[in-house]
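This report concerns strand pairing and charged side-chain contacts. The chain and its coordinates are shown first.

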Amino acid sequence: MDAQRAEVRALEAEISALQRACRELPAPWEGTARDRKSFQETYQSDTKKCESSKFLKCQLGHLKSELSFLSTLTGFNIRNYAKQTEDLTTTEMTEKGIEKVLQRHRLSGNCHMVTFQLEFQILEIQAKENLSSVITELNIIMEPTEYLELSEFVSRAEEKRDLFMFFRSLHFFVEWYKCRKRTFKHFKEKYPDTVHLPEGSCSSYMEIRSARRPGFELVIVWRIQIDEEGKVSPKLDLLTKVPQRALELDKNRVLETAPQSFRTLLQVLGIEAALESLIKLLCAEND
């Protein structure tokens, strides 16, 4: 009898435990609501991430387009760039509301045929609402080094620590270099028997020879000058190569004054027209 009562009590305890477990289970609609809310939160999060990704891709495409436009416009192409920042702010500066940061920049690129590497430091000082920046160091490496004008200019730019002057002057130097190359090529193709380029298509001077008068030659030397302020300008000079006998017969000193007369001709006609007139003069003599 006692054994039966014990078994009944055990069954009752088991039933009570099962009833408590059933009461603690959530209602079916409550679980569905939680699942739906969790799904909506996940979906909204994924949607925001997708929209953010699309926005960043759009911005990246826009920046690449602007960079390509600037490269085409200026001729500069930046291939590598690195930046390091060092906080130089001391405790005393912080108490006075002053921030001091040193930026180290390194980049490499090219402007058409000229390759360069730059390393420079910028010191920024933020004092309340005032911000000042100054370039404290500038190192420039140029390739190729065959352009004497650029070598001298780079030394001045480094001494002045003037980045703006460097980029501006290099751009205009390259433009005049291409103009010289294009002009000489034009006359060489137009007058192949009269015009000669001893240094090839990139020659810095052009020879005009007379077929009827051996030994008589005009040499046009075209330099590209960069002044102390970084202004770029062409400088053309006329040199004459004539036999000694011709100099002795030149009573009117035409050959002696030819360089000055050529500079006057440049001011009146411009570069291409002045060169054309000299070439046609010798061509007419040849005919």
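E217 counts as buried, at 13% relative accessibility. The model discussed here is a predicted one. The threshold for the buried class is a relative accessible area under 20%, so the value of 13% places E217 within that class. The residue is nevertheless engaged in a charged contact: the side chains of K241 and E217 meet in a salt bridge, with 3.9 Å from N to O. This pair links distant parts of the chain, with K241 in strand 8 (residues 232-241) and E217 in strand 7 (residues 217-226), 24 residues apart. K241, for its part, is partly exposed, with a relative accessible area of 44%. The contact also belongs to a wider arrangement, in which E207, R209, E217 and K241 are linked in a network of salt bridges.

**Salt bridges between strands**

The count of salt bridges comes to eleven. One of them joins E86 and R104, whose side chains meet at 3.0 Å, N to O. E86 lies in strand 1 (residues 76-87) and R104 in strand 2 (residues 98-111), so the pair ties together parts that are 18 residues apart in sequence. E86 is partly exposed, with a relative accessible area of 32%, and R104 is partly exposed as well, at 31%.

Another salt bridge is formed by E119 with R106, the closest N and O atoms being 3.2 Å apart. Here too distant parts of the chain are linked, E119 being in strand 3 and R106 in strand 2, 13 residues apart. E119 counts as partly exposed at 36% relative accessibility, whereas R106 counts as exposed at 52%. In general terms, side chains of opposite charge can pair when their charged atoms come close.

The table gathers the three pairs described above.

| Salt bridge | N to O distance | Separation in sequence |
|---|---|---|
| E86 and R104 | 3.0 Å | 18 residues |
| E119 and R106 | 3.2 Å | 13 residues |
| K241 and E217 | 3.9 Å | 24 residues |

**The hairpin of strand 3 and strand 4**

Strand 3, which holds E119, also takes part in a strand pairing. Strand 3 (residues 114-127) and strand 4 (residues 130-143) run antiparallel and are joined by 13 bridges. Within this pairing, Q117 stands opposite I141 in strand 4. The hairpin has two residues between the strands, and K128 takes a positive phi near 55° in it. As a general point, the side chains in a regular strand alternate between the two faces of the sheet.

Conventions. Residues are numbered from 1 along each chain as its sequence is written. This is a predicted model: local features need pLDDT of at least 70, side-chain atom pairs count only at pLDDT 80 or more; totals for chains, interfaces and linings use all residues. Side-chain values use heavy atoms; hydrogens and water are left out. Two strands pair if DSSP finds at least two bridges between them. Helices (H or I, at least four residues) and strands (E, at least two) are DSSP runs, numbered from the N terminus. A salt bridge is a side-chain nitrogen of Lys or Arg within 4 Å of a carboxyl oxygen of Asp or Glu. Buried means under 20% relative accessible area, exposed over 50%, partly exposed in between (1.4 Å probe, protein chains only).
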